[in-house]
Amino acid sequence: MANEAIYMGVGRRKNAIMRVRLVPGSGKVTVNGRDGKEYFGRETLLNYALTPFKVTDTVDHFDVIALATGGGVAGQAGALRHGIARALLVAGDYRAELKKAGFLTRDSRMVERKKYGLKKARKRPQFSKR
C-alpha cells in the first residue's frame, strides 16, 4: 500500500452526495462498505454509474470506494457517475473525453418545492363550478 495513488472526487445529483476514491486496482466497486451490485440492487444503475470508465478506456483500472449520503438509489448512481468523472480528472488527462460525454456537468435538476394552496408543486385542487 506504500506510496499508492488515491484520486478523490465529489459527485452530486438531486439530494445525493457521493465522496469517491479511486485506487489503482481491478475494477471493484464498494459503496458504504458494501459491494456495488448489492448496494444498488440493479445492474443498470451500476452500469450507468461506471460509464466514465468506458468513455476513458479505463475499465478495470481502478477500484472505486464511495461514501453515499442523501437521496435515493437513482440519485446516488448519478452522483457516483459525477464523482468518478471528477476523480478521473485528477487521475489522468481525460478532460476532453469526459467533457464531450457531458459527465463533468452537475445535473442541476431538483424536485420543485410544494406551494401552499396546491396539492403538490403544480397540481391544483379539483375545481368545482357549483
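A salt bridge is taken here as a side-chain nitrogen of Lys or Arg within 4 Å of a carboxyl oxygen of Asp or Glu. The structure described below is a predicted model. By this criterion, the model holds five salt bridges. In one of them, R109 is joined to D107, with the closest N and O atoms 2.8 Å apart. That separation of 2.8 Å falls within the 4 Å cut-off, and the pair therefore qualifies as a salt bridge. Side chains of opposite charge can pair when their charged atoms come close.

The two partners differ in accessibility class. R109 has a relative accessibility of 56% and counts as exposed, because exposed residues are those over 50%. D107, at 22% relative accessibility, counts as partly exposed. Both residues belong to a network of salt bridges that also includes R13. R13 itself is buried, with a relative accessible area of 14%, because buried residues are those under 20%. Beyond its neighbours up to four places away in sequence, R13 touches G75, G78, A79, R106, D107 and R109. The two network partners, D107 and R109, are thus among the contacts of R13.

Further salt bridges involve E112. The side chains of E112 and K115 meet in a salt bridge with an N to O distance of 2.5 Å. A salt bridge is also formed between R122 and E112, where the closest N and O atoms are 3.0 Å apart. Both residues of this second pair lie in the segment after α5 (95–101), and ten residues separate R122 from E112. E112 has a relative accessibility of 37% and counts as partly exposed. K115 is also partly exposed, at 26%. R122, at 63% relative accessibility, counts as exposed.

R13 lies in strand β1, which spans residues 7–13. In a regular strand the side chains alternate between the two faces of the sheet. In β1, the covered face consists of Y7, G9, G11 and R13, while M8, V10 and R12 make up the uncovered face. Strand β1 runs antiparallel to strand β2 (residues 16–24), to which it is joined by seven bridges. Within this pairing, G11 of β1 stands opposite M18 of β2. The two strands form a hairpin with two residues between them. In the turn of this hairpin, K14 has a positive phi of about 50°.

The segment before β1 contains A5. At 32% relative accessibility, A5 counts as partly exposed. Leaving out residues up to four places away in sequence, A5 touches L22, V23 and P24. A5 and Q126 are 121 residues apart in sequence, and their C-alpha atoms are 60 Å apart in space.

Three aromatic pairs are present in the structure. Y7 and F62 form one of them, an edge-to-face pair with 6.0 Å from centre to centre and 90° between the planes. This pair links distant parts of the chain, with Y7 in strand β1 and F62 in strand β5 (residues 62–69), 55 residues apart. Y7 and F62 are both buried. Another aromatic pair is formed by Y39 and F40, which is edge-to-face as well, at 5.4 Å centre to centre and 90° between the planes. Y39 and F40 are likewise both buried. In addition, Y7, F53 and F62 form one aromatic cluster.

The largest nonpolar core comprises 29 residues, of which M18, L22, V31, F40 and L80 touch the most other members. Two or more residues are given to this core by each of β2, β3 (29–31), α1 (36–40), α2 (43–49), β5 and α4 (73–91). The largest share, seven residues, comes from α4. For L80, the contacts outside its neighbours within four places in sequence are M18, V20, V31, F40, A49, V64 and A66. Among these contacts of L80, M18, V31 and F40 are also listed with L80 as core residues that touch the most other members. F40 is in addition a partner of Y39 in the edge-to-face pair described above, and M18 is the residue of β2 that stands opposite G11.

Key
Residues are numbered from 1 along each chain as its sequence is written. This is a predicted model: local features need pLDDT of at least 70, side-chain atom pairs count only at pLDDT 80 or more; totals for chains, interfaces and linings use all residues. Side-chain values use heavy atoms; hydrogens and water are left out. Helices (H or I, at least four residues) and strands (E, at least two) are DSSP runs, numbered from the N terminus. Buried means under 20% relative accessible area, exposed over 50%, partly exposed in between (1.4 Å probe, protein chains only). Contact means heavy atoms within 4.5 Å. Two strands pair if DSSP finds at least two bridges between them. Rings of Phe, Tyr and Trp (its six-membered ring) pair if their centres lie within 6.5 Å; planes under 30 degrees apart count as stacked, over 60 as edge-to-face and the rest as tilted. A nonpolar core is a set of buried Ala, Val, Leu, Ile, Met, Phe, Trp, Tyr and Cys residues joined through side-chain atoms within 4.5 Å.
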